[in-house]
Amino acid sequence: MEVRTVRHGSAHAFLSAPCRSMENGRHSFPFPYEPYGIQEQFMKALYSALDRGKVGIFESPTGTGKSLSLICGALSWLTDYEEKRRREAAALLQEGEASLSASAAPSSAISSSSAEPDWIADFVQKKAERDLVSKLKEEELKRRKREERLETIRKNIHLKYAGKRKSCEEDEAIKLLQLSRGGETETPGDQEDEELVVAEYESDDESKSKSEEEDDEDELAEEHVTKIYYCSRTHSQLAQFVHEVQKSPFGQNVSLVTLGSRQNLCVNDEVRRLGSIQRINDRCLEMQKNKHEKQNHEDGAKRKRGPAKSVCPYNKAMALQQMRDEVLGTVRDIEQLLTLGKESHACPYYSTRLAVPPAQLVVLPYQMVLHEGTRRAAGIQLKGQVLIIDEAHNLSDTLSCIYSAELNGAQLCRAQSQLTQYADRYRSRLKAKNLMYIKQILFVIEGLIRVLGGKVGQNPQSQTTPSGTEMYTINNFLFKAQIDNINLFKVLQRYFEKSLISRKVSISCICMVSMMDIKHIPSPDQQGAAEADKVLSASPMTQVEGFFQALTNSNTDGRVVLQKQGTLSENSVKFLLLNPAVHFAQVLEECRAVVIAGGTMQPVSDFKQELLFSAGVKEERITEFSCGHVIPPENILPLVLCAGPSGQELDFTFQKRDSPQMMDETGRILSNICNVVPGGVVCFFPSYEYSRRIVSHWEASGAIARLGSKKKIFQEPKKANQVEQVLSDFSRCIQVTGGVTGAILFSVVGGKMSEGINFSDDLGRCVVMVGMPYPNIKSPELQEKMSYLDKHLPHSHGRSPGQALVENLCMKAVNQSIGRAIRHRGDYSSIVLCDRRYARPATLSKLPAWIKARTSTHSGFGPAFAALRKFFQEKKQKQE
């Protein structure tokens, strides 16, 4: 489909605004191809939600083009919103100027209702009008400057890369000519053209002075334009989204910046090789400190004797500004940012943060936007902006994890030691008030060590304690640790945040370690090497600060769990957030609109209750959209199996699933499925432990050998670095055999294969779910969460909120696993749910609507197997 675009208003408009058809209130959206009907519905619903400032819950199955629909719908709204604001500002400016002109004639009349003459009231009114006109003119001037600057940036980038391409082509031509002649050849005399291109790129406006340009840079860097923040779970998902933006009709004109951590964006090899994110952060901050000290010395301050301190060569103001411009001019993912940073010798981490204010689309991970402290540090301002949270099916759990905190005994002992050394080293330079705060922090740390059963100043590995788990409210824990007399709010706000003590202790620790003779650290073997790495590792003060912050939550919103495992170093204290809505409330309040999107958002009612209503969102602000799949209904066959081939009832409850009869019946089911299903079969078990037990049983009974004769068997590895190899071998096996016999992959619900992996086409012609993956009901954390929900949320449909939580956790995991197949319009697959409990109406209602509508329940195995065989026979005939 051809995408028509026109420019509205200024010739330097932010985006090329797409043509609109407003007939009957419907919009036409720019799209890289003819959109499906559900994509048009999605974009229309999204546009409406953003326009009305709603909190939208959008469900769109994987394979329906959700990312493109989000991009085109949201950026279409942003284009129209900016154009509407321009028209309104122009109208107000015109009206204000006309009003000032009309009232220019002097008036000396005396008001009959007041002793004061009219000229006083006129003066006040005219002043207000003049102020408004001046403000509108100033905003219009800033907007034009910003748009002209972005237009210049894009033009310069185009010229720069045109010059590069020309140079590369000339080099290739010279090489070919040399090869053909077999000797030296003179370089063609095109130097003048090449210099002209460079000159055009380097010169923005020759009439501007350097100081004026710097003033413009500062002015533009401080102002945040209306923008869309898009966040997702992993960097790979963010990169995929950026690639979709590049392919979209907005790819050439939108100003997009991708944010990430220093670990992902650092290009300094000396820092990158440190490995852990905390050590990278500490080293980077140390270099920043050294840089400022160096600048102070250059300004005239005397420098103390000592070795020169290293600064980062990639963190120079001019290089950062130039890279910021390139980031704004062209859409790039993180890998492309790293390449650009190395080429331009500029830090992508700081350059991208400079690009946030003028950017229209900011792409970033969950944590950076959902955690208040990280938002503040990254310069993210949500006030009046749009936030899109993708892959949001686990949003509640994500918020709980972000705001939870855990410390073990080893970390506490190291923090106590390092902070004590810091205080002793700088005691003569510290003010009395700062020393007081340090003593309070040490008092709390020592209280935490004691509550874990340890003693201060002794080796945590040699201190043994009884094992056990204890749960406390925040207030009760503070009393037990005898630290209730310390005002943690005051310590955090007046010392941790203002003095940056965590960073200072980390940097001081690194400096002291760097001065040590590392040769004195014994490392004859791997254990010694680990000890050396431990000495060089970052300070745990950051974790201590995070735990202090967690303890400032409301007493009802969290719990503290003490876990003792035998030694002080292994014992831990953990803060568990029970009410994630309390931290999500600020995001919902500040943003103009929030879109919560995912492939499977069911059950929505419980999601709204726990995360939206509890955060103070009213029902009228919430809008919902759920669409079916783009595949034809006949391309999916979901089956609920209540019994196996021998008539054994399928009941995988904890009490019955380990019986030999159940394990044997499961083996027979898989053997029959492999007889009729071509290509790949993916079988999900409820846990790693159950997968191990059932496979061991099959090995002893010979079932695994029979299954292996039909399809090659693969198992999900426990180590993350082995996943790619297993998937590669699994895929290669299916391709080599041409889909005749194929392979079967044993996976685990909630494991590495259950989310983010695509088993499209022959890789996943059948997904088998063995049992129902309920969470461990005996977990103290889960029991406390259930108790909290039962106490604070309303009961509905005869079930408690705690029971609903357990069911929802189970079905969310199921929906994620079975969604690994069916990845595009032409794909087809079968889904086999092996457990009679799936037949319950309440359980079926939690399946995605597009799956639930096609699901059939079978009390006997025969009819289900016949339906499965017929399904694949028809697909084979159609292909032939």
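Me: Why does Asp651 count as buried?
Reply: This is a predicted model, and in it Asp651 has a relative accessibility of 4%. The cut-off for buried is under 20%, so Asp651 makes the grade.

Me: And what makes the contact between Asp651 and Lys656 a salt bridge?
Reply: Their side chains come to 3.4 Å, N to O. The rule asks for a Lys or Arg nitrogen within 4 Å of an Asp or Glu carboxyl oxygen, so this pair qualifies. In general, side chains of opposite charge can pair when their charged atoms come close.

Me: Is Lys656 buried, partly exposed or exposed?
Reply: Partly exposed, with a relative accessible area of 44%. Buried would need under 20% and exposed over 50%, so Lys656 falls in between.

Me: Which residues are linked with Asp651 and Lys656 in a network of salt bridges?
Reply: Glu649 and Arg836 are in that network along with Asp651 and Lys656. By the same 4 Å rule, the count for the model comes to 28 salt bridges.

Me: What makes Asp390 and Lys66 a salt bridge, and which parts does the pair tie together?
Reply: The closest N and O atoms are 2.7 Å apart, and the limit is 4 Å, so the pair passes. Asp390 sits in the loop between strand 5 (386-389) and helix 15 (395-403), while Lys66 is in helix 2 (residues 66-102), so the bridge ties together parts that are 324 residues apart in sequence.

Me: How do you know whether Asp390 and Lys66 are buried or exposed?
Reply: Look at the relative accessible areas: 2% for Asp390 and 9% for Lys66. Buried means under 20%, so both ends of this salt bridge are buried.

Me: How far apart in helix 25 are Glu665 and Arg668, and what makes them a salt bridge?
Reply: They are three residues apart in helix 25 (residues 660-676), about one turn of the helix. Their side chains meet at 2.7 Å, N to O, and with a 4 Å limit that makes a salt bridge. Glu665 is buried at 0% relative accessibility, whereas Arg668, at 36%, is partly exposed.

Me: On to the sheet. Why are strand 14 and strand 18 called edge strands?
Reply: The open sheet has seven strands in the order 14-15-13-16-17-12-18, with parallel pairing. Strand 14 (712-715) and strand 18 (856-858) each have a single partner strand, so one side of each is left without a neighbour in the sheet. From one strand to the next, the twist averages 20°.

Me: How do you know that strand 13 and strand 16 pair?
Reply: Four bridges join strand 13 (residues 680-685) to strand 16 (residues 766-770), and the two run parallel. Pairing takes at least two bridges, so these strands meet the requirement. Phe684 stands opposite Met769 in strand 16.

Me: Which strands does helix 33 touch?
Reply: Helix 33 (residues 861-879) packs on the sheet against strand 12 (636-641), strand 17 (829-834) and strand 18. Its direction makes about 165° with that of strand 12.

Me: What does Ser830 in strand 17 touch, and why is this serine called buried?
Reply: Beyond residues up to four places away in sequence, its contacts include Leu637, Val767, Leu868 and Phe872. Ser830 has a relative accessible area of 0%, and the limit is under 20%, so buried is the right word.

Me: Why is Cys834 in no disulfide?
Reply: The nearest cysteine sulfur, that of Cys683, is 7.4 Å away. A disulfide needs the sulfur atoms within 2.5 Å, so Cys834 fails the test. A search of the whole structure finds zero disulfides.

Me: Is Cys834 buried or exposed, and what about Cys401?
Reply: Cys834 is buried at 2%, while Cys401 has a relative accessible area of 59%. Exposed means over 50%, so Cys401 is exposed.

Me: What makes Leu46 buried, and which residues does it contact?
Reply: Leu46, in helix 1 (residues 37-51), has 0% relative accessibility, so it counts as buried. Leaving aside neighbours within four places in sequence, its contacts include Phe58, Leu70 and Val595. Leu46 and Phe58 are 12 residues apart in sequence and 8.2 Å apart in space, C-alpha to C-alpha.

Technical notes. Residues are numbered from 1 along each chain as its sequence is written. This is a predicted model: local features need pLDDT of at least 70, side-chain atom pairs count only at pLDDT 80 or more; totals for chains, interfaces and linings use all residues. Side-chain values use heavy atoms; hydrogens and water are left out. Buried means under 20% relative accessible area, exposed over 50%, partly exposed in between (1.4 Å probe, protein chains only). Axes are lines fitted to C-alpha atoms, for helices over the stretch in contact, and angles run from 0 to 180 degrees between N-to-C directions. Contact means heavy atoms within 4.5 Å.
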